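Below is a briefing on one protein chain, arranged by topic. Please look over the sequence and the fold before reading the points.

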Amino acid sequence: MGSTVTSPISRRAEGAVRPSGFGGCRALCLWLPTFELRLELVRTPELDDTSVALLAPGSERRRSVWQVSGRARDSGVEPGQLVSRAVALCPGLTLLEPDPAHYEAAGEAVFEALTGVTPVVEPAGLGRVFLGMDGLERLFGSPARQVSRAVNALHDVLPARLVASVRAGMAEGKFGAWVAAVSARPGDRLIVPSGRLASFLAPRSVRALPLDERMIARLERLGVATLGALRRFPAAALTSQFGSDGAQALGWATGRRIDPVRPLHRPRPIRVVLDFPDPAGVESTLHMAIDRLIELALARRERRGRGVVELRLRARLEGGGSWMARATLREPAAKVSRLASPLRDKLELSPPPRAVESLALEFTAFGASSLQSELFAPTKGGKGAAGYALDRGETPEALRDAARELRLRLGHPPLYRVVEVEPWSRLPERRYALMSFDSSSFGEEDPSAAALDARASFSTGF
């Protein structure tokens, strides 16, 4: 959640257009503006009544302001301004370094606390979250009691001064709930009764629509300032002017488009930490540390059989503050080089501003493993356990021992493997051969040659 008021409703992800009067899909939006700056002021309460600005994450030379306090805004400081400009406008401005790891941890704590109220929880950035409230009447009573139950749950993870500033909006669909939360005052709640969403939205500004800024500006140039004014246009006219965005805008303005809350499925992350005896600032040292952390995380038992889709790297910096990088892969992977590559790129493009005291790596999303060799990944030692690949001619020690034991018990090797012998052949049956997996001879001869001999003898016998 940033300091600017923008709608979190995605145009592509959502698309459910419900007829007027369709029941259900009650949504609650809890919003705490400038969430990150408020967390910093909790740690430094002596700055609460001063002009404070939170710097934008990054280590570029021309740094800009991310979030500003009320006093700083009164002096003319705005989010996005360069630091030099902000200091010129407000000489007494206090600049704070961002701590993204701290903000992420607070956001996850809020998510976990709200899942105790309803299982349908959808985060929409730090400091803003949607809750599906359908079916909670029997548990908590009236809508007002439901909102109070959700707000009170925040007391378990946030200071009371932050909870007192939370804005709450409840309506049908996420768009109505978001507009209600924005319309509420700090610490207040606004509940839109069922069946009155259209009348509630009518006087609201068209800037509440989750549409392109150019379309909003064009509507305003045409004299359409409110959602009620937009409703006077027929759908065909809006579609001819703005395409599909025009029809979507009309759906939101009339209250016919209801976006349900989509619960976030968050698997339990795998987390490993490495503390440096002395703060490390050399890039090669950090690269080696990333490789080691990935090896440790891949060797964890709970990762077995799953590839990694998303990973996150956090660094605690010398002198306070943190640095964070997140990478998402197109396909699940379980190789150190494949997982380390995007993190190294981010480390090179945006390195930590100071030396690193500790690194923490998290696997946060998983997918099906792309290699069958993952079935044999765990070994006795643990180090490099996931790096085995049967297709590279390597055989895990555990698999060797299992094959040897089966051979002793049964008197013959019951395992077989597929070996590529003539990949250039036009006949599929000549490209591969099935040969015995004999652990005693594996590695002592060329498996392709052995397969050729085995297939030759098989063909002769046939």
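The notes that follow go from the whole chain to its pocket, its nonpolar cores and a few single residues.

The model is predicted. It has 462 residues, and 44% of them count as buried. The secondary structure consists of 18 helices and 14 strands.

**Overall**

- The accessible surface of the protein is about 24100 Å², and carbon and sulfur atoms hold 52% of it.
- Among contacts with a separation of 6 or more, 62% join residues that are 24 or more positions apart.

**Largest pocket**

- The volume of the largest pocket is about 820 Å³.
- Its lining consists of 32 residues, and those nearest the pocket centre are Glu108, Phe111, Pro123, Leu264 and Arg266.
- Two or more lining residues come from each of β1 (26–31), α4 (100–114), β6 (128–132), β10 (306–317) and β12 (356–368).
- Helix α4 gives the largest share of the lining, seven residues.
- Sorted by class, the lining holds 17 nonpolar, 10 charged and five polar residues.

**Nonpolar cores**

- The largest nonpolar core contains 36 residues, and Phe175, Leu209 and Leu230 have the most contacts inside it.
- At least two residues of this core are supplied by each of β1, α8 (173–183), α9 (197–201), α10 (213–221), α11 (227–230), α12 (235–242) and α13 (244–254).
- Helix α8 makes the largest contribution to this core, with six residues.
- Another core, of 35 residues, lies apart from the largest one and includes Leu54, Tyr103, Leu126 and Ala153.
- Strand β1 thus appears in two lists: it gives two or more residues to the pocket lining, and it supplies at least two residues of the largest core.

**Helix α13**

- How many of the 11 residues of α13 are buried? Eight are, so the helix is largely enclosed by the rest of the structure.
- The buried residues of α13 are Asp245, Gly246, Gln248, Ala249, Leu250, Gly251, Trp252 and Ala253.
- These buried residues pack against α8, α9, α10, α11 and α12, helices that each also supply at least two residues of the largest core.
- Gly255 follows α13 and has a positive phi, near 80°.

**Thr34**

- Thr34 is in the loop between β1 and α1 (35–43).
- Its phi is positive, near 45°, although Thr34 is not a glycine.
- Most residues other than glycine have a negative phi.
- Is Thr34 buried or exposed? Its relative accessibility is 13%, under the 20% cut-off, so Thr34 counts as buried.

**Ser358**

- Ser358 belongs to strand β12, one of the elements that give two or more residues to the pocket lining.
- Ser358 counts as buried because its relative accessibility is 6%.
- Leaving out residues up to four places away in sequence, Ser358 touches Leu274, Asp275, Phe276, Arg314, Ala315 and Arg316.

**Pro91**

- Pro91 is located in the loop between α3 (83–89) and β4 (94–96).
- With 71% relative accessibility, over the 50% cut-off, Pro91 counts as exposed.
- From C-alpha to C-alpha, Pro91 and Ser51 are 9.4 Å apart in space, and they are 40 residues apart in sequence.

Methods:
Residues numbered from 1 in each chain as written. Predicted model: local features only at pLDDT ≥ 70, side-chain atom pairs only at ≥ 80, totals over all residues. Heavy atoms only, no water. Helix = DSSP H or I, 4+ residues; strand = E, 2+ residues; numbered from the N terminus. Buried < 20%, exposed > 50% of the residue type's maximum accessible area, 1.4 Å probe, protein only. Contact = heavy atoms within 4.5 Å. Areas by Shrake-Rupley, 256 points an atom, 1.4 Å probe, with all protein chains shown as cover. 1 Å grid on protein atoms, 1.4 Å probe; cavity = no way out; pocket = protein on both sides within 12 Å on 5 of 7 lines; lining within 4 Å. Points joined across faces, edges and corners; volume = space filled by probe spheres on them. Nonpolar A, V, L, I, M, F, W, Y, C, P; charged D, E, K, R; others polar. Core = buried A, V, L, I, M, F, W, Y, C linked by side-chain atoms within 4.5 Å.
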